[in-house]
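User: I would like to go through a protein model step by step. Please show it first.

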Amino acid sequence: MDAILNEYKKHGVDEFYRLHSHDYENPHNDIIENLLVEAKSVWNIKGNILDLCCGSGEVSRMFKECNVEGLDPYTKELYEKNTANHCIEMTFKDIVRNGFERNYDFVICSYAMHLCEKSMLPMLLYRISEASENLIIITPHKKPNCNGKFFLERKRMKKERTSIILYEKHMTN
Ligand SMILES: C[S@@+](CC[C@H](N)C(=O)[O-])C[C@H]1O[C@@H](n2cnc3c(N)ncnc32)[C@H](O)[C@@H]1O
């Protein structure tokens, strides 16, 4: 974890992923896989899924029988080669500006939403809530906290330091 934080400091987050757009790999793949195997059956994750900040396909490859789309501004080529799914090229900022073009049953974001600027997070969550009733976050940090105006935490599981959290859309008014 410290190694990647040092890399972020050295290059900046965006430049780091631009540099690693062809060789990114999550070293915690086995934990992600374990958590998703359990969550998938217990939380009944299926249907149309958006793998938000999809990297090289760490989440998508666990949902081969579902209709999965990836989204990532830097890893489209790598993701499409690994999964044969389509990857939308958008940043958090693009999502906030334009929203999504379609709806999903689940949006899953693994090891990435903490990269969104704090001030932009509420608007990002609003945009996700326009497109999906369910949001799943996989994170080794306390961040991001998506509990609030647009989503409410319903369930969570933990393996070592990584949590998987299921949020449901919160209807305001
Ligand atoms: C730590 S990786 C996580 C990838 C994958 N989901 C996983 O679990 O391994 C973070 C991902 O966020 C993407 N990313 C970086 N900056 C971003 C931004 N501004 N908007 C959207 N995605 C971004 C990177 O390209 C990278 O694929």
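The questions and answers below go through the sheet, a helix, the core and the ligand shell of this predicted model.

User: In what order do the strands of the open sheet stand?
Analyst: The sheet is open and is built from 7 strands. Its pairing is mixed. Read across, the order is β3-β2-β1-β4-β5-β7-β6.

User: Which strands stand at the edges of the sheet?
Analyst: An edge strand here has a single partner strand, so one side of it is left without a neighbour in the sheet. This holds for two strands, residues 87-88 and residues 151-159. They are β3 and β6.

User: What is the bridge partner of Asn-48 in β2?
Analyst: Strand β1 covers residues 48-52, and strand β2 covers residues 67-71. The two pair in the parallel sense over 5 bridges. In β2, the partner of Asn-48 is Asn-67.

User: Which residue in β5 stands opposite Phe-106?
Analyst: Strand β4 (residues 104-110) and β5 run parallel and are joined by 6 bridges. Strand β5 covers residues 132-139. The residue there that stands opposite Phe-106 is Asn-134.

User: Is the β-α-β crossover from β4 to β5 right-handed or left-handed?
Analyst: After β4 the chain passes through helix α6, residues 121-131, and then enters β5. To judge the hand, point the strands away from the viewer and follow the path from the first strand over the helix to the second; a clockwise path counts as right-handed. By that test this crossover is right-handed.

User: Which elements do the buried residues of α6 pack against?
Analyst: The buried residues in α6 are Leu-124, Leu-125, Arg-127, Ile-128 and Ser-129. Their packing involves one helix, α5 (92-98), along with several strands. The full set is α5, β4, β5, β6 and β7.

User: How many of the 8 residues of β5 are buried?
Analyst: A residue counts as buried if 20 or more other C-beta atoms lie within 10 Å of its own. On this basis strand β5 is mostly covered. The number of buried residues is 7.

User: Which element gives the largest share of the largest nonpolar core?
Analyst: The core holds 42 residues, and those touching the most other members are Val-107, Ile-108, Cys-109, Leu-135, Ile-136 and Ile-137. The largest share of this core is 5 residues, and the element that gives it is β4.

User: Which residues does Leu-135 touch, not counting those up to four places away in sequence?
Analyst: Leu-135 is among the core residues that touch the most other members. With residues up to four places away in sequence left out, its contacts are Val-107, Ile-128, Cys-146, Phe-151 and Tyr-167.

User: Which residue takes a positive phi in the hairpin of β6 and β7?
Analyst: Strands β6 and β7 pair in the antiparallel sense over 8 bridges. One of the facing pairs is Lys-155 with Leu-166 in β7. The hairpin has 2 residues between the strands, and the residue with a positive phi, near 50°, is Glu-160.

User: Is Val-37 buried or exposed?
Analyst: Val-37 lies in helix α3, residues 29-42. It has 11 other C-beta atoms within 10 Å, and a residue with 12 or fewer counts as exposed. Therefore Val-37 is exposed.

User: How many residues of the shell around the ligand are nonpolar?
Analyst: There are 21 residues around the ligand, and Tyr-17, Asn-26, Cys-53, Gly-55 and Ser-110 come nearest. Helix α2 (residues 13-19) gives the most to this shell, with 3 residues. Besides 5 polar and 3 charged residues, the number of nonpolar ones is 13.

How values were computed. Residues are numbered from 1 along each chain as its sequence is written. This is a predicted model: local features need pLDDT of at least 70, side-chain atom pairs count only at pLDDT 80 or more; totals for chains, interfaces and linings use all residues. Helices (H or I, at least four residues) and strands (E, at least two) are DSSP runs, numbered from the N terminus. Two strands pair if DSSP finds at least two bridges between them. A residue is near a molecule or strand if its C-beta atom, placed from the backbone, lies within 6 Å of it. Ala, Val, Leu, Ile, Met, Phe, Trp, Tyr, Cys and Pro count as nonpolar, Asp, Glu, Lys and Arg as charged, and the others, Gly among them, as polar. A nonpolar core is a set of buried Ala, Val, Leu, Ile, Met, Phe, Trp, Tyr and Cys residues joined through C-beta atoms within 7 Å. Two residues are in contact if their C-beta atoms, placed from the backbone, lie within 7 Å.
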